[in-house]
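This report concerns a single protein structure, shown below with its sequence.

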Amino acid sequence: MDSEAEGVSLPLFHEHLMVPRYELRIGDCCGRSESSSEGFYCKSCDFFVHKKCADETSESIQHPSHPNHTLKLQRKPATRCSLCGKSFIGDLFYRCEICNFDVDLYCAKYPPPDILDVSDMHWHDHIDLLKEQVSFDCFFKCGKIGDGFPYICQICDVAFHMDCVWQPTLQPQPETIPLHPRERQPETIPLQPLQVERQTETIHSPDSDSDSDSDSDHSLHPRERWPEIIHSYHSLHPLKFLTGKPPDYSDGKCRLCGGKVDTHSHFYHCSSCNFTLDHRCAVNPPAQTLLDLKVHDHKLTLLPRLDSFTCNACGLKGDRSPYVCFQCGFMIHQDCLALPRLININRHDHRVSRTSVLGLVNSVCTVCHRKVMEWTCGGYCCKQCPGYVVHSKCATRIDVWNGRELEGVPEEKEDIEPYVVIDESTIHHFSHREHYLRLNGNGLLWEENKRCDACSHSISLQSFYGCTVCDFSLHKKCAEHPKKKWHVLHNERLALVTSKGDMFRCNACTRVSNGFRYQNGDKKLDVRCSAISEPFFHPSHPHHPLYYIPTEKDDNICSGCNLEESYVLRCIVYGCGFVLGFACATLPQVVKHRVDDHPLSLCYGEKASGKYWCDICEKETNPEIWFYTCKDHRDSLHTMCVLGDCLGLMPRSTFNYREGSTTRGYKSTMLVTSTEVVLNNSMSRTFCIQCNSRCMYPIILKALDHKVQNKKTKKKKKKKSLTYVCSETCMRQFNLRYLTKEQDV
């Protein structure tokens, strides 16, 4: 730790100089609270480091929980502590490279004891720390996953979470600490560990001596051995130890956290006050008071009572145990204390920041699209876009926010423009650096043979950019897709990938494509689905906009195809009920097909009597489901018959179609089929090798050769093939059949 005139340098924790500060708050160093308020603070980033963390963090340590090897200081990407099982909050942790044993700074400062006295919690006096990461069921039925270093009772073979039976003993708080730059006053209630008193009464047999009494005491059930405790949050009456179903007159929830008390769990209850605590809150209760300037300017006190209130942080109702400020009447849910201050959400291009008062009357949340009723409470807003507001709970949903707090993280300015303008009709696109692209204002001539390299659809009647040297073309709209963008279906930013490679499947519409795609990790969207943003307007539902609003109800039936879809857009007008899947939302409005000389138009279903027939497959058509029709509306053609399922594949391109199989458990085989995309425009139609019918779709696939590789034996086998399949569906079925045949050999 280097001291300088203008501040303190803590390069292990923070890049800026920091100043000494007394503040009782959760440290950004270890993600936990300390009883001592002494620390170091960066004002520009609102970053706080405990002095104990700064003083005791070294490059390497010997830890009693891992005595055989030295632990060295590391930075992320490790995710959680091997001892307590909690996720890492700060960037620093200790690791044993030999055993992959990770310890956060808090567990490094406060190592758990090898042997723990639990005479007030268990039949037997002592339990031992098992220095091995195992899966287990906690004896206290606390509801948390058991995966880590547990304490175990060697006598009765049960296990306990570490934080269910042990909390570090913290040093007492100094008498006075500075609370706020504007006011300094004494801190009277320091953070204290749980104060639980064992009953002084001892259960005797009338004619037993002390030794036999002690032995019999160990055989008693906890309910008999220590049937009552005195808890710091309920000092009026003792709390009785109970198991099983909570009393019928209670609401069956913990008074402090609101968690449901399981019928098989242990809990503590006062029948006089109808006061219940689950085991987790009994052993490790929330702090009685706290001061966090990121949450509120004044000290907050937990009010352990049933009382209806409106949370000032999120605007939602609560029914129990808020933190309150007696100075100004501020009230907040316990789980709202951790709301981030600056984040990215997938509905907006700019960062949104936490505000204590939205202050916009008649505003609408841009995630759930409901009116903000409690506009005097907190939420999120965009400082660059006036009127853009989001509910606190909506902004921090797992499908909206990526979980990263951006306060103190500088915003990088990136060039996401996809092209450079050369002149009013010429651009230089980043996907085609070799040549310039010139704008062609189409509208009269149907370009059937020219296709867009981004979406693989025909240029048709749309304006497009064409290469002045080669055959590269982009729809004008496809050329305008930025290099990076946010999308409602993913909470990370997606990057535009333009390299031609293997076929991919769009996660939104499930169609295959080998054109441009937006991608982040395993999430892949074709450019047509990625272009859908909120509000979305579709000609099939012209009067109301559509939004992506996930629900837990089973109502994902698309109004266009009457099939259940994973991702759907909804009309939010009460009573409308219109739902549109991404597959139907991206169907082309006008297409050309050999069945008719004129372009076909998409019809959005109609109420009609009589039978409709498809002239392509010669089967009946349901008129209430979307279909394509000709100029005089005499035809009703299935969308699948008109388009097929390979519309996103570029004709004359080749790719590797991969299919894996583990049909016999011990074999793991991969089949790679070299595949060519073929336009089905010849006079005679070939037969599909899978379904044995003539290929009727406009784009079909040709299998050039098959490569079979056994991942276990590393043996490879290649066989040439010149077979046709009519669709990607048939290709998948054929490959699975081919794999099964090869494995049977």
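The sections below treat enclosed and open space, then strand pairing, then two buried residues.

**Space within the model**

The structure is a predicted model. Across the whole structure, the search returns three cavities of 30 Å³ or more. The largest cavity holds about 110 Å³ of space. Its lining consists of Cys455, His457, Arg511, Val512, Ser513, Asp526, Val527, Arg528, Thr586, Leu647 and Gly648. Two or more of the lining residues come from each of β40 (512–513) and α9. Sorted by class, the lining of the largest cavity comprises four nonpolar, four polar and three charged residues.

The second largest pocket contains about 1,200 Å³ of space. It is lined by 44 residues, of which His457, Gln462, Arg528, Pro588 and Val590 are the closest to its centre. His457 and Arg528 are also among the residues that line the largest cavity. At least two lining residues of the second largest pocket are supplied by each of β33 (447–451), β34 (458–460), α8 (476–479), α9 (527–530), β46 (590–591) and α11 (639–643). The largest share, three residues, is that of β33. The classes in this lining are 23 nonpolar, 14 polar and seven charged residues.

The table sets out volume and lining classes for the two spaces.

| Space | Volume | Nonpolar | Polar | Charged |
|---|---|---|---|---|
| Second largest pocket | about 1,200 Å³ | 23 residues | 14 residues | seven residues |
| Largest cavity | about 110 Å³ | four residues | four residues | three residues |

**Sheets and strand pairs**

One open sheet is built from five strands in the order β30-β31-β32-β35-β36, with antiparallel pairing. At its edges stand β30 (419–423) and β36 (473–475); each has a single partner strand, so one side of each lacks a neighbour in the sheet. On average, neighbouring strands of this sheet are turned by 30° against each other, direction ignored. Strand β35 (residues 464–467) is joined to the edge strand β36 by three bridges, and the two run antiparallel. In this part of the sheet, Gly466 lies opposite Ser473 in β36.

A further open sheet has four strands, ordered β46-β47-β50-β51 and paired in the antiparallel sense. Its edge strands, β46 and β51 (637–638), each pair on one side only. Strand β46 and strand β47 (residues 600–603) run antiparallel and are joined by two bridges. Opposite Val591 stands Leu600 in β47. Strand β46 thus links this sheet to the second largest pocket, since β46 supplies at least two residues of that lining.

Strand β8 (residues 92–96) offers a case of burial. Four of its five residues are buried, so β8 is largely enclosed by the rest of the structure. Strand β7 (residues 66–75) pairs with β8 in the antiparallel sense over four bridges, and Leu73 stands opposite Tyr94 in β8. Strand β9 (residues 101–104) also pairs with β8 in the antiparallel sense, over four bridges. Here Tyr94 faces Val103 in β9 as its opposite residue. The hairpin of β8 and β9 has four residues between the strands, and within this hairpin Asn100 takes a positive phi near 55°.

**Two buried residues**

Leu300 lies in strand β21. Is Leu300 buried or exposed? With a relative accessibility of 1%, Leu300 counts as buried, because the cut-off for that class is under 20%. Setting aside residues up to four places away in sequence, Leu300 touches Gln288, Thr289, Leu290, Val295, Tyr323, Val324, Cys325, Phe330, Ile332 and Leu337. Leu300 and Phe326 are separated by 26 residues in sequence, while their C-alpha atoms are 7.8 Å apart in space.

His296 is placed in the loop between β20 (289–290) and β21 (300–302). This residue is buried as well, at a relative accessible area of 13%. Beyond its neighbours within four places in sequence, His296 is in contact with Leu291, Cys325, Cys328 and Phe330. Cys325 and Phe330 also appear among the residues touched by Leu300.

Methods:
Residues numbered from 1 in each chain as written. Predicted model: local features only at pLDDT ≥ 70, side-chain atom pairs only at ≥ 80, totals over all residues. Heavy atoms only, no water. 1 Å grid on protein atoms, 1.4 Å probe; cavity = no way out; pocket = protein on both sides within 12 Å on 5 of 7 lines; lining within 4 Å. Points joined across faces, edges and corners; volume = space filled by probe spheres on them. Nonpolar A, V, L, I, M, F, W, Y, C, P; charged D, E, K, R; others polar. Buried < 20%, exposed > 50% of the residue type's maximum accessible area, 1.4 Å probe, protein only. Contact = heavy atoms within 4.5 Å. Pairing = 2+ DSSP bridges. Axes fitted to C-alpha atoms, helices over the stretch in contact; angles between N-to-C directions.
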